[in-house]
Amino acid sequence: MSGIEELLEQQRVEQLLFLEARLIDERRFAEWEALWVEDGIYWVPANGDDTDPRSQVSLIYDNRSRMHNRVERYVGGKAISQQPPPRTVHLVSNVTIELAASDGTVDGDVSLVIHSTVQVAESRPGVRVDWVGRVIHHLVEREGALRIIFKKVLLVDNDQELTTIDFLL
Amino acid sequence: MSEVGDSSSSAYERLIGADRVSGRLYTDPDVFERELERIHHRGWMFVGHESEVATPGEFVTRRLGRQPVLLTRDDTGAVRLWSNRCPHRGATVCALDQGHTRFFRCPYHAWTFDNAGALVALPGEEGFGPTFNRDTHGLAPVPRMDTYRGFVFGSWSHEGQTLTEHLGNARDLIDRACDVSPVGEISLRAGWLRHRIGANWKMAAENVCDFYHPPITHGSSGLMGGVPPDYFTDAYGGVTRDLGGGHGEVDYRQTEGGPQTGLGPHGFIFPNLFIEASSIFVIHPVSVSEMTHLQTPITWVGLPEKMQRPQSRRFAMAFGAAGVIEPDDAATWERMQLGLQAGEPEWVVLERGVQYDHTREGRALDEIAMRGFWRHYRLLMTDEAAVR
């Protein structure tokens, strides 16, 4: 890949991550869901970064239908924890690209492994919390567009007592 | 403030009525201090499960009331419970949530203890002189520890009720939780989710046996889909039971199909343990307006995977700080904590099904177990004999 191509690839990936953050903050959840492929996994581990999600508890371990259920809850008007909804601002930074080919642990049609950092400012009545973590996205090329097949958020304090997380990280 | 803090038993007798309690009991810091002294730092409390320290050398750290403790399994296989505090200068001897070790070494002066609590090494021991005795400087055991079917309980009081006496009728809840397993054994090794909530601990305790709230509070969860539409009504046929000793349960075994929410019982063991069908919850008091809610799924030893898996999946979706059930409970309790800052009206209402109190068993939605909680609470907060 030439230098120009690398720059374009970097920009393409960053634009996707920035768009994802914006869709969450603007509560455009249907568009957020559309960034995902059908077999996507959204994972927020607890008690460490490298746990086994099948045998250990996670804060979030969602397949696509659970992601849908989660965001339906946000907009359904019945959730007390969404009255009013928490306001969030996501700051995405430190975006680096690893080619999947260099990562033997990833299989299938993953084309890119993206490392980034996120800081989420959360505000709800009486509460103002900053959430910070490293994020790993696996992206695939589907129908000419990059889409998310895997997102893992490694909260810096995922082994501590945490207040309610009723928004997308 | 406080009428409550300044006076003793008679004030509590007024504040805790048969079918109402004062909102101050959730908001007054003096009440909270008295609760710690008379409930959490005196009576029995659930601290963990033997399966969490399944092999010699394993340990977990917890709080028992406000105090840090260390649950270990020593090299002989015995489960032990210690103050997580160096007997020398007071630092915690273990900073990790869990792990495996033969020795705990204080970071300050390297006093080192084996997993049976004995002081086995310290630098410059000779400098302490000939009268220094290692044997009197081991880790301090929590005064009383006992177990029932693998559930470990501790008490900071050297005397008082036995664990068997404390559990009373609530032993049946533990039995039923264990007996889902074909070998009568559960395991808690999936780790805990620890949710910090800005509300008084008693709101979580009372909520266990409140079946009036689920279709409202949890209407958004998407987990009500499999439940018959009249499940959370009295007509469906479940009952709620005051088990005495502050313990209580909601029991749907007599209804067709039984409990939908999981395989085990749904009940509260005073003052901090909630057996939630397929999960274990622990309520840690933090301050008058804060608690931590710990949650872990139950694994039943020997239960076929196909019966276990739906329970694990439900836990993953529902609970913890980012579940679809738990945040709505937390938000409700936080709203209560805010609302109760209003001193008028003084009372919180607990009238539902009061006509059944003499039988200790009411309809599914009745507040009978909550009144049982308060009856026991009142005894502990007022009984001079209990003070010694």
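In the predicted model, the side chains of A:E161 and B:R63 come together in a salt bridge, with 3.3 Å from N to O. This contact is one of four salt bridges that the rule finds across the interface of chain A and chain B. The interface also holds 18 residue pairs in polar contact, both residues at pLDDT 80 or more. On the side of chain A that touches chain B, the elements that contribute two or more residues are β2 (58-62) and α3 (64-75) of chain A. In total, 28 residues of chain A are in contact with 32 residues of chain B. The size of an interface is often expressed as the accessible area lost when the parts come together. Here, chain A and chain B bury about 2500 Å² between them, and 46% of this lies on carbon and sulfur atoms. Within chain A, the residues that lose the most area to chain B are A:R66, A:I80 and A:E161, which together account for 27% of what that side buries. A:E161 thus appears both among these residues and in the salt bridge with B:R63.

Salt bridges were also examined in the structure as a whole, where the search finds 47 over all chains. In chain A, the side chains of A:R22 and A:E26 meet at 3.0 Å, N to O. A:R22 is partly exposed, at 49% relative accessibility, and A:E26 is likewise partly exposed, with a relative accessible area of 40%. A further salt bridge links A:E31 with A:R28, their closest N and O atoms being 2.8 Å apart. A:E31 counts as partly exposed at 38% relative accessibility, as does A:R28 at 27%. In chain B, B:R80 and B:D74 form a salt bridge in which the closest N and O atoms are 2.5 Å apart. B:R80 is partly exposed, at 31% relative accessibility, whereas B:D74 is buried, at 1%. Chain B also contains a network of salt bridges that links B:D172, B:R176, B:R241, B:E249, B:D251, B:R253 and B:E361.

Aromatic side chains were considered next. Over all chains the count comes to 29 aromatic pairs. One of the pairs is formed by B:F211 and B:Y252, which are tilted, with 5.7 Å from centre to centre and 45° between the planes. B:F211 lies in the loop between α6 (201-207) and α7 (214-217) of chain B, and B:Y252 in the loop between β15 (247-251) and β16 (266-269) of chain B, so the pair ties together parts that are 41 residues apart in sequence. Both rings belong to buried residues: B:F211 has a relative accessible area of 6%, and B:Y252 one of 3%. A single aromatic cluster is formed by B:Y26, B:W201, B:F268, B:F270, B:F373, B:W374 and B:Y377. Arginine side chains are also placed over aromatic rings in chain B. B:R20 lies over the face of B:W347, at 3.8 Å from the ring centre, and B:R352 lies over the face of B:Y212, at 5.3 Å from the ring centre.

The backbone shows several local features. B:F270, a member of the aromatic cluster, is joined to B:P271 by a cis peptide bond with omega of about 0°. B:P271 is found in the loop between β16 and β17 (273-276) of chain B. The peptide bond from B:E344 to B:P345 is also cis, with omega near 0°, and B:P345 is located in the loop between α9 (326-339) and β21 (347-349) of chain B. In chain A, A:N47 has a positive phi of about 60° although it is not a glycine. A:N47 lies in the loop between β1 (36-45) and β2 of chain A and is partly exposed, at 31% relative accessibility. A:N94, also not a glycine, has a positive phi of about 55°. A:N94 is placed in strand β3 (residues 87-99) of chain A and is exposed, with a relative accessible area of 53%.

A final region concerns helix α3 of chain B and the loop that follows. B:D28 caps the N-terminal end of α3(B), with a side-chain oxygen 2.8 Å from the backbone nitrogen of B:D30. Buried residues in α3(B) include B:V31, B:F32, B:L36 and B:I39. B:G43 lies in the loop between α3 (29-40) and β2 (45-49) of chain B and is partly exposed, at 25% relative accessibility. B:G43 touches B:G154 and B:S155, residues up to four places away in sequence not being counted.

Technical notes
Residues numbered from 1 in each chain as written. Chains lettered and ligands numbered in written order. Predicted model: local features only at pLDDT ≥ 70, side-chain atom pairs only at ≥ 80, totals over all residues. Heavy atoms only, no water. Phe/Tyr/Trp six-rings, centres within 6.5 Å; stacked < 30°, edge-to-face > 60°. Helix = DSSP H or I, 4+ residues; strand = E, 2+ residues; numbered from the N terminus. Buried < 20%, exposed > 50% of the residue type's maximum accessible area, 1.4 Å probe, protein only. Lys NZ or Arg CZ within 6 Å of the ring centre and 35° of its normal. Contact = heavy atoms within 4.5 Å. Buried area = accessible area lost by both parts, 1.4 Å probe. Polar contact = N/O pair within 3.5 Å; in protein donor to acceptor, adjacent residues only side chain to side chain.
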